[in-house]
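I opened the model today to look up a few backbone details and the contact between chains. My notes follow in the order in which I took them.

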Amino acid sequence: MLEYIAKRIFLMVPVLIGISILVFLMRVVVPGDPVDIMLYGQPSTEENRAELRSFLGLDQPLPTQYFLFVGNALRGDLGRSIQTRQPVASEIKNRFPNTFKLTICSLIIAAFLGVFTGVLSAVKKDTWVDLASMVASLIGVSMPAFWLGLILMMVFSVNLGWFPVMGSETWKHLVLPSLTLGLIAAAIISRMTRSCMLDVLQKDYIKTARSKGLSERRVIYKHSLRNAMIPVITIIGLQFGYLLGGAVIVEIVFNYPGIGEAALNAINWRDFPMIQGLVLFITVIFVSINLAVDVIYSFLNPQISYD
Amino acid sequence: MTAKKENEERNTGLSVGRLMLKRLWRKGSARIGGGIIILLILMAIGAPFIATHDPFEMNIIGRLEAPGGEHLLGTDEMGRDLFSRIIYGSRITLQIGIISVGISLVAGTLLGLLSGYLGGTFDLLFMRLVDILMAFPGFILALGIVAVLGPSLQNAMIAVGISGIAGYIRTVRGSTLEIKQEVYIEAIKAQGAKNRRILFRHVLPNIISPVLVMATLQFPAAILSAAGLSFIGLGAQPPTPEWGALLVRSRVYMELAPWLVNFPGVAILFSVLGFNLLGNAVRDVFDPKLKH
């Protein structure tokens, strides 16, 4: 088991190196001179430009620039933002807890709602409950997150006044953004849970359990759900990573000060150190979560061999 | 459908394409999804006849008029007719889907074929590159590409297209590896057929169904991503009546003009729903292994 985990971590190294190269190349492949782009519309002298160039390390050869970029990133230094002149890492440190809170709350909503409706749907297969739940989850996966956010905001903040429209000061600010992200992820989890439950319910050991005279409740919760949960947990784990990406748009809808909002600001300002830092950070987190999910999955599923 | 019925159908002498279409037609979700998509296509083609106003014509006096009367779905903050803007927006939505999916499909299929067929070191190295591309969350990759290319509808489509390529490469490569080992490919090779001919005449037709399934399922996702990029200002720019872009200013006028939020969102929801319904049915018919 430990060997398997070590192997997985070892295999992650080339992927991380590749990610860092691609993120580094973002600034290199931008059409035009990055200094021109960053100074767009602002008056500048040759001296300014040379200063900015050396501030960004652009006067060094490319391989040197790359190794500097990676070396600094490994030490937690992602450069300085062009817009605020503050270290990118400290901006991420300030904002990521907000995004993390949002992602965790959404995941909890999504997991509970998704598993509950998925199980219900499978147990009541081909009844109106199943149909309603399937239609709801189909609408959920077809709904643009930003639009659901706007609708929730319109109903619960503007019309009913239950929740604040935007910001992040209290727990109340977290409710609508988490619901927005959570409901959409719940739709995906629900569909997956339903199909896994249906598979398991057809298995012979469920028939055996029933023929032993066990109560339906016991058959479903003790025998079926436990086995159906193995792939479902993987989907829930993978959703965590996707929610991080989805949070970008929801944060913008609700003016929620997370890394998504920072990313949009940075793109509008063509603040490349910030963009690179954010993309690198989110992707490394995403890859690590996927690795963790894989390891947990192999731990839960006795059928997997570690060779 | 029972196996017996499937066999009977196979014996009627219908071509594989017609057979699949017949099976697809039997699925309720394919009929509903297909209906929505046909409606969307008609909307896009007939936009000049269906629209009641010029979608770009501003009228400051008639700002934020409620639905009903002269303006079926009301007007926006510039007095433009929302109904006409949504009708014309269907053209952009279809364009986004076709171009983004087209980029992913063509590039992904070609590269996947090549990687699987050539094999060896090239395949090994190339697949590591694909692993790296797949390590990025899809929307973040698209966001990064738009950051590099600059915000515009065209760049949003390119970004969504590029971020979908890796998935096709993996699927096509996998199927190519399987097909490559079939005896009939060996036989054609032994006859001295050129690589290009083997790839396009003999391998490609055999891997088309997973590609088709992927494309129909990617279509709605591409529409959602591009609308998302437009909504945050990185895709279609004003005054383009792209549906995501129509929602940008709606937040400001939410209290005064809720129709600006409702109608463009419903338009996106229904189109994506239509493609999802059809996509699920196509998957069930063409790729029964992936059912559920």
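I began with A:Arg270 and asked whether A:Arg270 is buried or exposed. A:Arg270 is buried, at a relative accessible area of 17%; I used the usual bins for this file, buried under 20%, exposed over 50% and partly exposed in between, with a 1.4 Å probe and protein chains only. The residue A:Arg270 sits in the loop between H11 and helix H12 (272–300) of chain A. Helices here are DSSP runs of H or I with at least four residues, strands are E runs of at least two, and both are numbered from the N terminus. I read a phi near 50 degrees for A:Arg270, which is positive although the residue is not glycine.

I noted the ground rules: this is a predicted model, local features need pLDDT of at least 70, side-chain atom pairs count only at pLDDT 80 or more, and totals for chains, interfaces and linings use all residues. Residues are numbered from 1 along each chain as its sequence is written, chains are lettered from A and ligands numbered from 1 in the order in which they are written, and side-chain values use heavy atoms, with hydrogens and water left out.

Next I looked at A:Asn255, in the loop between helix H10 (216–253) and helix H11 (259–269) of chain A. Phi of A:Asn255 is near 45 degrees, again positive in a residue other than glycine. A:Asn255 counts as partly exposed, with 33% relative accessibility. Most residues other than glycine have a negative phi, and most peptide bonds are trans.

I then turned to the backbone of chain B. Which peptide bond did I find to be cis? The bond from B:Pro238 to B:Pro239 is cis, with omega near 5 degrees. B:Pro239 is in the loop between helix H11 (208–231) and helix H12 (243–246) of chain B.

I checked the length of helix H5 (residues 82–118) of chain B, which has 37 residues. The expected span is 1.5 Å times one less than the number of residues. That gives 54 Å, and the end C-alpha atoms are 53 Å apart, which agrees. Just after H5(B), B:Gly119 takes a positive phi of about 60 degrees.

For chain A as a whole I recorded twelve helices and zero strands. The C-alpha atoms of chain A fill a box of roughly 85 × 60 × 30 Å along the principal axes. Of its 307 residues, 48% count as buried.

Last, I went through the interface. Contact, meaning heavy atoms within 4.5 Å, takes in 46 residues from chain A and 39 residues from chain B. The area buried between chain A and chain B is about 3,600 Å², with 80% from carbon and sulfur atoms; buried area is the accessible area (1.4 Å probe) that two parts lose on being put together, summed over both. I asked which elements give two or more residues to the side of chain A that touches chain B. They are helix H1 (2–29), helix H6 (128–142), helix H7 (145–159), helix H8 (172–201), H10, H11 and H12 of chain A. H1(A) gives the most, with eight residues.

I followed one residue of helix H12 of chain A, A:Thr283. A:Thr283 is buried, at 0% relative accessibility. Leaving out residues up to four places away in sequence, A:Thr283 touches A:Ile19, B:Ala135, B:Phe136, B:Pro137 and B:Ile140.
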